[in-house]
Amino acid sequence: MSAGGPIVVVGAGLGGLAAAMRLAGAGREVTVVEAADVPGGCCGTATLGSHRFDTGPSVLTMPGVLADTFAAAGQDLERWLPLRRLDPYYRLTFHDGSRLDVVAGADAMAEQVRALCGPAEARRYLRFRRLLGELFEAEWSAFIDRDMTRLRALARPYALARLAALGGFRRLDGLVRRHLTDERLIRAHTFQALYVGLSPRRALGVYAVIAHMDTVGGVYFPREGGMHAVPRAMAAAAEKAGAIFRYGVRAGRIETDGAGVVAVRLDTGERLAARHAVVACDLVRAHGRRGGDGLLPEEAADWRLRRPRFSPSCLVAHFALDHRPEGQAHHTLHFGREWEATFAALEAGRPQPDPSLLVTCPDGHGPGEGGPAVLSVLEPTPNTRCGADWTTLTPRLVDRMLERLAALGYGDLSGVPRMVFDPPAWRRRGHSAGTPFALDARFTQTAWFRPSGAARRVPGLHFAGMYTAPGVGVPPVLISGRLAAERILESTP
Ligand SMILES: Cc1cc2nc3c(=O)[nH]c(=O)nc-3n(C[C@H](O)[C@H](O)[C@H](O)COP(=O)(O)OP(=O)(O)OC[C@H]3O[C@@H](n4cnc5c(N)ncnc54)[C@H](O)[C@@H]3O)c2cc1C
């Protein structure tokens, strides 16, 4: 047995994988238990005939966080998973027929803005871009990249004052409108609120850092294998560092004695001795109903999960195309005409009247332009708590999406083979409330108020993944895995 005792990680999503890589890299004895047959969780893969596609994230930002995770396991990201920076990062199209390519570099981007909105807005954009950088600096090390398991982590008066001075505690919409005036540019820098499950009017200004991460920091993609190559490479690197993977088996119960975690009982009945457990899956399910019938012991109850507020969900349709549309960007966001009404509908649990669509069309699925490709189209929707009859709603939304895609110039895709993931499908895949985006990031579910990364009354029990801080998305869950690993390494050096 290794010094510090055995560690079981529950869930080989990106959060669990990050924890496993770091712990194995530090020489600890690590077993990862994953219910599915492959690693990745949300960052999954599927096939449609001979077409393979990603079922989850497509916007990879902050590759440095991923590189740091590989380095902690003694591995070089560039060797395992060469990435390329997309150009443009995004293409944004607006209902008036205009478009904006989000490109690398302040000057090149200001030029795009000048061409679309004029020189005065381009100057305002450059000032706003500097503000985004300052917000990011103020937040990153003080809050995002920081262990929030103790209240005192929040007690950073200088950092809080700096954030307040920069407008971080205003609403995102108001903050951006103070600096930009062109409605299209405002949308380009506020739509990211949806990544944390909120409307720009509801999200705090601190979430402008997401716009910094993708529009300034850049969007990346694996050179080969799509996004699912990320968890595959992480699992392989963790194995190389000594971690053992158990696929196709569920963790059924974390066992404790008076002193903390002692084992993880699998659904097969097998018992894995454990001094620490990192639970990196849906925490609402893991807690189960009252009476401690879930994966977690009753003493692990977290008051922050008493009334969980879930993010909206999404409907994603993947189309297997014979030919990649010529000139298609990797990511295209087609904004609808409506804006306020779309968010109001989501908040009220209704489908958006005129949704913005994120269209992802990676190249590399065939011999360059014109070869076979998968077009993945994501529309935000309410989650399954809205009470809709999805057996009728999903076909209606898909028909509307097909009409919209045709109007946007993608042609008639109705006869093209497709695979659709709707909120009930996310629920069947194990996500509470039929949303793969966990809890939204309202103030009362942010930082210290988000479910804790450690169970205070159960020594040895840690949490990682999107249900805990810093939150949803690839970089945040990688960070949550790092924070869990660091706590374990500090507590049992
Ligand atoms: C359609 C979609 C688009 C997205 N787009 C982006 C994007 O562009 N950019 C971005 O940054 N993020 C995006 N995200 C979000 C991002 O993918 C997630 O936040 C992140 O991958 C979540 O990782 P996780 O490890 O917290 O959880 P998960 O990926 O949910 O992993 C949890 C794992 O635990 C396993 N598990 C559950 N219970 C048990 C058990 N009892 N025993 C064993 N195993 C168990 C599950 O099978 C799963 O593999 C997207 C997500 C989706 C679904």
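**Note on the predicted model: loops, ligand shell and a helix pair**

1. Pro-88 sits in the loop that runs between strand E5 (83-85) and strand E6 (90-93). The coordinates are those of a predicted model. The peptide bond joining Asp-87 and Pro-88 is cis, with omega about 0°.

2. A cis peptide bond is also present between Ala-469 and Pro-470, where omega is about 5°. Pro-470 belongs to the loop between strand E19 (461-463) and helix H15. As background for both proline points, most peptide bonds are trans and most residues other than glycine have a negative phi.

3. The second half of that background applies to Met-62, a residue other than glycine whose phi is positive, near 50°. Met-62 lies in the loop between strand E4 (51-54) and helix H2 (63-72).

4. The next points concern the ligand. It is surrounded by 32 residues, and the closest of them are Glu-34, Cys-42, Ala-251, Met-466 and Val-474. By class, this shell consists of 19 nonpolar, 11 polar and 2 charged residues.

5. Which backbone atoms lie 2.8 Å from an oxygen atom of the ligand? One is a polar backbone atom of Met-466, and another is a backbone N or O atom of Val-474. In addition, a polar backbone atom of Val-59 is 2.9 Å from an oxygen atom of the ligand. On its own, the ligand has 1,000 Å² of accessible area, of which the protein covers 89%.

6. Three elements each give two or more residues to the shell around the ligand: helix H1 (14-25), strand E2 (30-34) and helix H15 (474-491). Which of the elements supplies the largest share of the shell? That share comes from H15, with 3 residues.

7. The final points turn to a helix pair. Two packed helices are described by the distance between their axes and the angle between those axes. For helix H4 (residues 106-117) and helix H5 (residues 119-144), the axes come within 7 Å and cross at roughly 145°. The crossing of H4 and H5 is right-handed.

8. On the H4 side, the contact is made by Ala-106, Met-109, Ala-110, Val-113, Arg-114 and Cys-117. The H5 side contributes Pro-119, Glu-121, Ala-122, Tyr-125, Leu-126 and Arg-129. How do the residues of this contact divide by class? The contact of H4 with H5 has 9 nonpolar and 3 charged residues, and no polar ones.

Methods: Residues numbered from 1 in each chain as written. Predicted model: local features only at pLDDT ≥ 70, side-chain atom pairs only at ≥ 80, totals over all residues. Heavy atoms only, no water. Near = heavy atom within 4 Å. Polar contact = N/O pair within 3.5 Å; in protein donor to acceptor, adjacent residues only side chain to side chain. Areas by Shrake-Rupley, 256 points an atom, 1.4 Å probe, with all protein chains shown as cover. Helix = DSSP H or I, 4+ residues; strand = E, 2+ residues; numbered from the N terminus. Nonpolar A, V, L, I, M, F, W, Y, C, P; charged D, E, K, R; others polar. Axes fitted to C-alpha atoms, helices over the stretch in contact; angles between N-to-C directions. Left-handed = near helix turned anticlockwise from the far one by under 90°. Contact = heavy atoms within 4.5 Å.
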